[in-house]
Amino acid sequence: MGGNLEEDMEIARKVLRKHNGNIEKAADAILQGDKGEDLWQSFSAQNTGGRTNSPAQIPPAPSSRVIDLTADDDEMSRALQLSMETPQNQVRFGPSDRAPDPAWQMVSSNSLQLNVESAGQEDQHLKEAIQASLKDFPPEEPDVLPFEDTIREGGRPVALRAEAPELAYAALAFHALFHVPQVREHVAMMPLPSVELDAANEVNDSYTRALVNIVEYFSNLDLAQLSAIVDKDLLTSLQAQPIDRSMARVTDATAEFLRSLAGLISRHLNDHKEENETVSRLFYFRHTTVEYRPNIPRKFKRTSPDDGFVVLVDVGVENIPNDLIGTLSANLSRYSDSASSHDVIIEPSDVLAFQLVYRRQSSSRSNVDPFIYPKTLFLDRFLLSNVELANQKRRQEKDMNAEIVNLTTQKETLTRYNNRDTLADLRTTLYYYEHVASSADPERERQIGETITKLRSALAAITDQLNAIDRCIEQLRSEVTILFDCPELQHYRYDLRAVLVHTGLPGRKQIYSYVQDVDGIWWKTVDFTVTEVTEEMVLTDPNGLHLGAGPYLLLYSRSMPQERIKWLMPWPSEFLESVEQSNKTFLDMVPPELAAKVKTSPPISAPESTESLNTS
């Protein structure tokens, strides 16, 4: 991006206000040349550090330059900070509709001071979400790493950074796929296609070039001693499409890119399989829809099977559970009085991808819970071979949940009347008779004593009943959680391998990933920065929650023994030699004290073919 930074920031702030704080509309308007002049015509003096600026120090009118949203997001982040620092009287996220007030002041862009005292609860949550995101991704972070940070320390994963910011989503997806053990194994051992060079000594076939690039980049992600690799041609050879970085575009483009990448690898694996080998199910599972009628001789009616890879999961739909398994169960099974219909898997794949699409209404984002996904799941309940057993379990689950609702209604009836707390009223009445309503009249005193006895008895009876209801609800919920924990439904175990997250804000640093290394350690990758994180953070990251964003893609794969995950991959010799030479050249430039940080990989026996890669 060129031009004056203050001018660019000023344009971003104007356009954001003009579009009521709608980031996507503002971004589109900026790209079309909108500078927001009709919204702002004057500025007040800026008070910085006790010094009052003269009119000559007020930022000049913006030039014809616009903010390049395909570049890094430093300017956009600062503009967002400025847009939130103007006092607001409206209970909403966005600017007031009032005319500009001369008392308004510009606040220095390197500090963030939110006035939330007059804001509504939802507005406050939205501001805090943006503030937390900007704090997590500081705008002052340089684009060039210090030399000591370019070295890959220990087992830290190598980051993959797209040179073009509009392809950052694809770099994250490719990087995540590398950290799926089954994918890494298959790519390492799949035969390379024959390479034919054109007159310019370039690979002249796009299919061949893409496959060679996949293997080459996988081997570098595994063995390189650099902390980050900047991609110039991999993602374009894989037909990744440049996009803006709005939540919807990133989510859909990532799913499409993974489908394309999976199709490319699967095609090559199937083209080179032995005659007696089955079709590769590395990515694609075989599925169908089955109608189940338990009361007639022919219980099952199936539709034609199809292949699938990325499973669409709607998040935030009313009356649908807010967890992955619950949402899948609700979406994949439909019930009527005499039959049920189920989308089931015939042949499972080694890898599963779930695309999370957020359907929450904006009015409900001020108080939402994060979507829950497990570190381990069993696929058995969604298999065709288990339709009868799983259907039986689901009906039990449905009955238990209905009973929980019924008991909760009973509890509500006992504790609420005319929108008042019945127990509180009862205790207040009892207190009155015990401590206030005394009388010198013996008959009146006797009546008060009888009333106290009745009130105490009623309070004790209701309390006992409520405790009994709570015990029943707790017992039912406990039974529901373990209902599917039976040996018959625990053969196909899948472990979480990667999570891709969007904060809801624009910029390449607002999408990031969590991946797990061969030692089971989780790492967060933001652009070219990789940091170790806890498993709890991976499973509960709240970023983007109040902006209709958050985790948007989950990658699972069949469970594997840890020692197998640590296998040293047999990368093609030409790539091994190339990586080894690159590492040597790089480390020759590194001082000895820094070279001591590099990763060392002890040799571990690896498989000789892909025949044994299907896990059980």
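Start by selecting Leu-192, which you will find in the loop between H6 and H7. Before going further, keep in mind that the model on your screen is predicted.

**Stop 1: a loop residue**

Is Leu-192 buried, exposed or partly exposed? Its relative accessibility is 29%, so Leu-192 counts as partly exposed. Show what surrounds Leu-192: setting aside neighbours within four places in sequence, it is in contact with Val-215, Pro-572, Glu-574 and Phe-575. Then add His-268 to the selection. The C-alpha atoms of Leu-192 and His-268 are 9.1 Å apart in space, while the two residues are 76 residues apart in sequence.

**Stop 2: helix H6**

Now select residues 181-189, which make up helix H6. How many of the residues of H6 are buried? The count is nine of nine, and the helix is mostly covered. Click along it and you will pass Pro-181, Gln-182, Val-183, Arg-184, Glu-185, His-186, Val-187, Ala-188 and Met-189, the buried residues of H6.

Pause at Gln-182, a residue of this helix. With a relative accessibility of 1%, Gln-182 counts as buried. Which side chain does Gln-182 meet in a polar contact? Select Ser-557: its side chain and that of Gln-182 are joined by a polar contact of 2.8 Å.

**Stop 3: helix H5 and its histidine**

Move on to His-175 in helix H5. This histidine has a relative accessible area of 1%, so it is buried. Look for the backbone oxygen of Val-158, which lies 2.7 Å from a polar atom of the His-175 side chain. To see the wider surroundings, select the residues that His-175 touches beyond four places away in sequence: Pro-157, Val-158, Ala-159, Leu-160, Leu-221, Ser-513, Val-515 and Thr-525.

**Stop 4: aromatic rings**

Time to show the aromatic side chains. How many aromatic pairs does a search of the whole structure find? There are nine. Begin with Phe-174 and Phe-218: their ring centres are 5.2 Å apart and their planes meet at 80 degrees, so this pair is edge-to-face. Phe-174 belongs to helix H5 (residues 168-178) and Phe-218 to helix H7 (residues 206-223), so the pair ties together parts that are 44 residues apart in sequence. Both Phe-174 and Phe-218 are buried.

For another pair, go to Tyr-512 and Tyr-514. The centres of these rings are 5.7 Å apart and the planes are at 85 degrees, so here too the pair is edge-to-face. Tyr-512 and Tyr-514 are both buried.

Return to Phe-174 and add Phe-178, Phe-218 and Trp-571 to see the four residues that form one aromatic cluster.

**Stop 5: charges over rings**

Select Arg-267 and Tyr-207 together. Arg-267 lies over the face of Tyr-207, at 3.9 Å from the ring centre. Then pick Arg-381 and Phe-484, where the charged end of the arginine sits over the phenylalanine ring, 3.8 Å from its centre.

**Stop 6: helices H13 and H11**

Next, select residues 442-481 to bring up helix H13. At 1.5 Å a residue, its 40 residues should span 58 Å, and the end C-alpha atoms are 58 Å apart, which agrees. At the N-terminal end, Asp-441 caps the helix: one of its side-chain oxygens lies 3.2 Å from the backbone nitrogen of Glu-443.

Now colour the buried residues of H13, among them Ile-448, Ile-452, Leu-455, Leu-459, Ile-462 and Leu-466. Others to include are Ile-469, Ile-473, Leu-476 and Val-480. A helix fact is handy as you look at them: an α-helix has 3.6 residues a turn, so residues three or four places apart point the same way. What do the buried residues of H13 pack against? Their partners are helix H11 (387-415) and helix H12 (422-435).

Select H11 as well. Its 29 residues should span 42 Å at 1.5 Å a residue, and its end C-alpha atoms are 41 Å apart, which agrees. Buried residues of H11 include Val-387, Ala-390, Asn-391, Lys-393 and Arg-394.

**Last stop: the whole chain**

Finally, zoom out to the full protein chain. Its secondary structure comes to 17 helices and 19 strands. Of its 616 residues, 47% count as buried. Among contacts with a separation of 6 or more, 76% are between residues 24 or more positions apart. Switch on the surface to finish: the accessible area comes to about 30,800 Å², and 49% of it belongs to carbon and sulfur atoms.

Key: Residues numbered from 1 in each chain as written. Predicted model: local features only at pLDDT ≥ 70, side-chain atom pairs only at ≥ 80, totals over all residues. Heavy atoms only, no water. Phe/Tyr/Trp six-rings, centres within 6.5 Å; stacked < 30°, edge-to-face > 60°. Helix = DSSP H or I, 4+ residues; strand = E, 2+ residues; numbered from the N terminus. Buried < 20%, exposed > 50% of the residue type's maximum accessible area, 1.4 Å probe, protein only. Lys NZ or Arg CZ within 6 Å of the ring centre and 35° of its normal. Polar contact = N/O pair within 3.5 Å; in protein donor to acceptor, adjacent residues only side chain to side chain. Contact = heavy atoms within 4.5 Å. Areas by Shrake-Rupley, 256 points an atom, 1.4 Å probe, with all protein chains shown as cover. Expected span 1.5 Å × (residues − 1).
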